[in-house]
Amino acid sequence: MTAATPIRIWDIPGGIHPAENKTQSLGHGIEIAPLPALLTVPLQQHLGGRAEPCVSVGDTVLKGQIIAEASSMVSCPVHAPTSGTVTAIGPAPYPHASGLEEWAIHIEADGDDRWCELQPVTDFRALEPVTLLELIRQAGISGLGGAGFPTAVKLKARPEQKIHTLIINGTECEPYITADDSAMRYRAPEIIAGIEILMHVLQPEQVLIGIEDNKPEAAQAMRAAVGERAMQVVVFPTKYPSGGEKQLIQILTGKEVPSGGLPADLGMVCQNVGTLLAIHDAVVLGQPLIKRITTLTGEALSHPTNVEALIGTPIRELLDFAGLQPDKLFRLVMGGPMMGFTLQSLDAPLVKTTNCLLAGTRDELPPPPPAQPCIRCGLCAEACPASLLPQQLHFFALGKDYDQLKRQHLFDCIECGACSYVCPSSIPLVQYYRAAKSDIRALDLQQHKADHSRQRFEHRQERLQREAEQKERDRLARAEKAARIKAAKEAEAAKQAESGAGTPTSDAPAPKAGGLSPEQKQLKIAAATAQMALKKAQKQLVANPDNAELQAQIPQLEQAARQAQEAFDQAQGESSNQPAAPAPQAGGDDETKKLKIEAAMLRAALKKAERSAGDSPSEEQQAEIAKLREQVEAADARIPASTTTKKPVDEKLKQAKLDLAMARAALKKTERALSENPEDADLQAQLANQQQACQSAETALHEAENNSPIPPPQRQLVDKKPVDEQLRALKTSMATCKADFKRAERELKDAEQAGGDTVAAQQHLDTARAALDVAAKAFADYMASKETN
Amino acid sequence: MALVRMTSPHAKGNNHTQTIMLWVLGATLPGVLTLTWFFGFGTLINILYASAVALAVEALILWVRKRPIGFFLRDGSALVTAWLLALALPPYAPWWLTLIAVSFAIVFGKQLYGGLGQNPFNPAMLGYVVVLISFPVEMTSWPAWRGIEAVVPDVQATLGLMDGLSRIFLPSGGAIDGWTQATPLDVVKTNSSLTMAELYAAKPVFGQFAGHGWEWVSLAYLLGGAALLYKRIYSWHAPVGMLGALALMSLLFWNGSGSDSNGSPLFHLFSGATMLGAFFIVTDPVSGATSKQGRLIFGAGVGILVYVIRAWGGYPDAVAFAVLLMNLAAPTIDYYSTPRTYGHSKAKRGMGKTD
């Protein structure tokens, strides 16, 4: 890339040619404003976080000393513009469109203007780009063109994006302002040095210096200063707003910054010449940003000029320096007449973004005439550099149609004011857009807050529901527990009454102490609750087999029940494995007792079912009996053989046991049937077969036992001991009772059919039933107690 | 010292709505003068009378609506409506015709919609169509033109000032036989037997390439329009759209120069209200489309409709109808012709509403 290569200049849509009014302030070069007695240095002179003061009232500061530190990444430190004493830190007049005050550090100048120790960089090329960026950051440099974005942040806005084009903005398209023009005329070598520093930081492929053709002297000075360096001074026709960052990029490269994006997205960075001057001062001279070049102009000044003034200088003193005629002053504008804002107070200080102070008279900047109706002439659309339709935006802004405003890209409006300038009906269009923008922002914020509140409310509702459900579960679990304890007590009482012998638990050698830990209890309750919910759902499903919801629920409930059971089992296992636990033995014993009771109850239920099934049980009854038997088996299996609560289970062994039990049950049934019909040959044959099956099942069980990996002491050997005499007696008595019962039943039936005396038969039947019940219960209790032993 | 608080921009261009309106009025002058030359004082009287009616009616409605009368009268929009209407009406139209047309244009065409900038239809064209439909005889009575006496000696060409006044304002003024003539568009429309060459030779109403007199009036309007374009009062899009579409349509459906010819493109461009419409009617920003592309489409729509109605419709000229029809379409055109905004890869078009 050589300076000779002509670069194509692109046109931007729209634009206007307002009266330039630049010559007034160009007659005196750059003058040095006198040192003020009192400076007001605001803490917020940039976009981003407000700087935090690091000096206190009464401190003596030196020129260039840091007095407020950057508060965040996007922030800028502030330095003392001169040496003196900090007299106050607090709200002070501030140049802002709102007219609000801003925190500032007041410094009483001592008149010495004594620098603190500076650390100039002699050879910036020897430094790493990161170090240079840090220097720029520490010097408190923010964009001096007007927006005031922290420069170090802007240079690295998209760290992943390589910057190939560095654009230097010397356009200064606003009327009246000549600060950049003067800087380029009289400080071109320093600006070029600043560009070289940025080139070292960014390593761009090309550097374009854009200057409007109404500044030939500036362009000439810059060309001379560039010399043979790899930079190009591009002069293009004057048109407002060419100096807008987006517009300048379009003019020099033909590319458009994506809506909502940054120039860095295109691999470009745009910097104002004033900023480059500050970068030069910061790196080469080591001076932080404490002064800037500002245009003082307007017809209310007798001596319009450009001054280099300290940040914090009261505007009143600057205007007085430029010969302010207070009686003529009508409108005081900071910035240019197109995008600047009016100041209400002359006490506000000069800040880093003050590129111009325009003190206009009434004739010069008259109040606008009353707005006439929009006639949709379209001159605004022709002037708009963003190719918006300002008249449509105005129409929708009047109607507060925010959706259409967003569709019409209101937020791509750069508020350059070209539309208002050309409007023949004097409609303050930009004002409408600003109001609409802030309305939309406020609405979005409100929407955001509302969403946030809604989420919080929903979460709270969920939490409350969860708590209520938990409460309900706890209540159910407590009720269940109470019922179980009651049942256990009854069973115990019955046992004591029936067997006459001591309760099985009374034989237990371990002392009765402890029990389940609270956690275990809770887990047990949870498991029980889950199990109950599952059962309930299953019951409901039986009632409504088509209910898809229930069907879906069941697997979930099953899983929940399983998980709860597992958690409980695990907790128990843990507690039993804890040697330091106070009374694991006792706890285990208690548990064992409970399990035994459970098993006994199940067996009783089994018996009852068998009884009710009678001789010819239906399919359903048979299924139920088989299920109960399995449950009994399972309950038995759960009862620990020794100290461990959980018995290791051999699946094969279990299966063999089950087979045997089934075979025995079948055998018993046949025996029973045979006892009632002793002559039935079929039954006899069946009995023989079943005896055979029973024996083979026994053999299989023995085999399984021998093959079982579980050591024999933990197992319950079946039929290894001789048949219990008592058991036999009980069985016999039960069978007798049953036979009596059947006979009584038959008698009753016969009596009913014969029309004879049913009362006696009924009494007989009742007695037989009671006897059978007693026998069955005794048998069950005996079985339970035997297995417990 | 109290400093004013105002938002930017602080500088203001010196363009005013009033200036725009005055420029439009000024640009009609060549046309006015030519019309007066060919058709006598009727046009001038029409303009003055219509202007007075328009201002009076506008003031009345503003007073009823409790709006500042002077402020709105000074914007000049009522004058523009009156002038354009007066130019469109036949010279020597009876006073009540002008009164009805202008009153309707101001009251119903503009003020009842909310005044300047709120009217969906071009007020002048609305007023014109109302009287065209209601009083077709009066509306098609164009006087003979200067120069006809050379061809038809017994026809009196232009009237003097007093004659004109009495013709317009006195009830008995309208009955002079052979005084009015059919317009060239009418002649071509009703012709079914003569070739175009024979027609030009037989009918004195034809001039070099369009109507005798009318072709000069059209050229005068073109001149005025060019001045407005030069002054950037409006952009070229709507006029070019209209003239281009009309030229293209008349080229496509020219039908040669036989007896069933629809007339040449040049004939259509310089006949009737084409030029008046292209430079003074479709350029009305209030009732037209907004964007450049939209204006091009709007103008083209008018051009096509003008030709369709002229060639196959029931009226010899159709600018008023075409403009009103396209006025209806303008908001839709606006939604679908928004330009591409800076930083967007393509324009966002359409209503943007899902329901």
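**A surface patch on chain B and an annotated cysteine cluster on chain A**

V308(B) counts as partly exposed, because its relative accessibility of 31% falls between the limits of 20% for buried and 50% for exposed residues. The structure described here is a predicted model, and within it V308(B) is found in helix 16 of chain B. This residue belongs to a nonpolar patch on the surface, which is formed by L248(B), L252(B), F253(B), I304(B), V308(B) and W312(B) and which has about 560 Å² of accessible area when these residues are taken together. Two helices of chain B, namely helix 13 (237–252) and helix 16 (292–312), each supply at least two residues of the patch. Of the contributing elements, helix 16 of chain B gives the most, with 3 residues.

In chain A, attention turns to a set of cysteines. According to the UniProt record, which is an unreviewed entry, the annotation "binding site" covers C384(A), C413(A), C416(A) and C419(A). Although these positions are spread over 36 residues of sequence, they cluster in space, with a largest C-alpha distance of 10.6 Å.

Two of these cysteines may be followed in greater detail. C413(A) is found in the loop that connects helix 11 (402–407) with helix 12 (418–422) of chain A, whereas C419(A) lies in helix 12 itself. C413(A) counts as buried because its relative accessibility is 13%, which is under the limit of 20%. C419(A), with a relative accessible area of 8%, is therefore also buried. When neighbours within four places in sequence are left aside, C413(A) is in contact with L388(A), Y433(A) and K437(A). On the same basis, C419(A) touches C380(A), P390(A), L429(A), V430(A) and Y433(A), so that Y433(A) appears among the contacts of both C413(A) and C419(A).

The confidence of the prediction also has to be considered along chain A. The mean pLDDT of chain A is 84, and 89% of its residues reach 70 or more. There are nevertheless stretches in which pLDDT stays under 50, including residues 502–514 of chain A, for which the model has 15 contacts beyond four places in sequence. Residues 713–720 of chain A likewise stay under 50, and for this stretch the model has 22 contacts beyond four places in sequence. Where pLDDT is low, the predicted coordinates should not be read in detail.

Notes
Residues are numbered from 1 along each chain as its sequence is written. Chains are lettered from A and ligands numbered from 1 in the order in which they are written. This is a predicted model: local features need pLDDT of at least 70, side-chain atom pairs count only at pLDDT 80 or more; totals for chains, interfaces and linings use all residues. Side-chain values use heavy atoms; hydrogens and water are left out. UniProt positions are given in the numbering used here, feature names are shortened, and annotations may be inferred rather than shown by experiment. Helices (H or I, at least four residues) and strands (E, at least two) are DSSP runs, numbered from the N terminus. Buried means under 20% relative accessible area, exposed over 50%, partly exposed in between (1.4 Å probe, protein chains only). Contact means heavy atoms within 4.5 Å. pLDDT is the predictor's confidence in each residue, from 0 to 100. Patches are made of residues with over 30% relative accessible area and no salt bridge: like charges are joined within 9 Å, nonpolar side chains (Val, Leu, Ile, Met, Phe, Trp, Tyr) within 5 Å. Accessible areas come from the Shrake-Rupley method with a 1.4 Å probe; for residues, only the protein chains shown count as cover. A salt bridge is a side-chain nitrogen of Lys or Arg within 4 Å of a carboxyl oxygen of Asp or Glu.
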